[in-house]
Amino acid sequence: MDKVWDQMKSGAWYDAEDVSLRQLRASCKAKLQQFNAMPESDRQQAIGILYTLLDAQEGLNIEAPFRCDYGPNIHLGRNFYANFNFSVLDEADVTIGDHVFIGPNVGIYTAIHPLDPKTRRTGLERAEPVRIGDDVWIGGGAQILPGVTIGSRSVIGAGSVVTRDIPDDVVAAGNPCRVIRSLKGEQDAAGLPDVS
């Protein structure tokens, strides 16, 4: 890659309209257009396109339409599932663990724009990574903001706006998203089968 890519990945301010970044986004968009246009009968071929774009383990399953900016900054664990209209602004790394379920219309954002409007007009931005642990379920319409970590085995309620870190083993919801209750020990108490 080049200097501006390194700036973007480091969290420094960078020119989002740099020619090399625009070319990378155009290449990603072309692959996603192909993926999103494929019929269900060509599902395996469509998922194959995503494997060339994303850093994903086995069991990848994303419903069309799916959108992202670059692709290689998205790191997906085993048996990842995302429903329709999953969008990822992956200027920084988005790292997601194993067995994660994403509901429809979920967005994950790493890009941050300047608060000053004159500076914002210049195209400067920076990015902060997002991390999501194993066995997380993110409800439909949730929005995950830059720099957030969501702990393993947690559930994020539909429509939530996640502005700060969420610990392991909790249900969290709202705008801004906050912890509602702990999940520790609930599976045993509910009499659910042990499938580990």
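Reader: Where is Pro 65 placed in this structure?

Author: Pro 65 lies in the loop between β3 (61-62) and β4, where helices (H or I, at least four residues) and strands (E, at least two) are DSSP runs, numbered from the N terminus. This is a predicted model, in which local features need pLDDT of at least 70 and side-chain atom pairs count only at pLDDT 80 or more, while totals for chains, interfaces and linings use all residues. Residues are numbered from 1 along each chain as its sequence is written, and side-chain values use heavy atoms, with hydrogens and water left out.

Reader: What makes the peptide bond from Ala 64 to Pro 65 cis?

Author: The omega of the bond from Ala 64 to Pro 65 is near 0°, and the bond is cis. The bond from Asn 175 to Pro 176 is also cis, with omega near 0°, and Pro 176 is found in the loop between β19 and β20.

Reader: How do you know that β19 and β20 pair, and in which sense do they run?

Author: Two strands pair if DSSP finds at least two bridges between them. Four bridges join β19 (residues 170-173) to β20 (residues 178-182), so the requirement is met, and the two strands run antiparallel. Within this pair, Val 171 stands opposite Arg 181 in β20. The two strands form a hairpin with four residues between them, and Gly 174 in the turn has a positive phi of about 110°.

Reader: What makes β3 and β20 edge strands of their sheet?

Author: Their sheet is open, has seven strands in the order β3-β6-β9-β14-β17-β19-β20, and shows mixed pairing. β3 and β20 each have a single partner strand, so one side of each is left without a neighbour in the sheet. Further inside the order, β17 (residues 155-156) is joined to β19 by two bridges and runs parallel to it, with Val 155 opposite Val 171 in β19.

Reader: How do you know which strands stand at the edges of the five-stranded sheet?

Author: That open sheet has the order β4-β7-β10-β15-β18, with parallel pairing, and its edge strands are β4 (66-68) and β18 (161-162), each of which pairs on one side only. Strand β15 (residues 143-144) and β18 pair in the parallel sense over two bridges, and the bridge partner of Ile 144 in β18 is Val 162.

Reader: Why is Asn 85 called partly exposed, and why is Asp 169 called buried?

Author: Buried means under 20% relative accessible area, exposed over 50%, and partly exposed in between (1.4 Å probe, protein chains only). Asn 85 has 32% relative accessibility, which falls between these limits, and therefore counts as partly exposed, whereas Asp 169, at 14%, is under the lower limit and therefore counts as buried. Asn 85, in the loop between β6 (81-82) and β7 (86-89), has a positive phi of about 65° although it is not a glycine. Asp 169, in the loop between β18 and β19, also has a positive phi, near 60°, and is not a glycine.

Reader: How do you know whether Ile 132 is buried or exposed, and which residues are in contact with it?

Author: The relative accessible area of Ile 132 is 4%, so this residue of strand β13 (residues 130-132) is buried. Contact means heavy atoms within 4.5 Å, and, leaving aside its neighbours within four places in sequence, Ile 132 is in contact with Thr 95, Ile 96, Gly 97, Val 100, Ile 108, Ile 138 and Ile 150.

Reader: What makes the protein as compact as a globular protein of its length?

Author: The protein comes to five helices and 20 strands. Its radius of gyration is 18 Å, close to the 16 Å that the globule rule gives for 196 residues, so the protein is as compact as a globular protein of that length. The radius is taken over C-alpha atoms, and the rule is 2.2 Å times the number of residues to the power 0.38. Along its principal axes the C-alpha trace spans about 55 × 45 × 25 Å, and buried residues make up 42% of the 196 residues.
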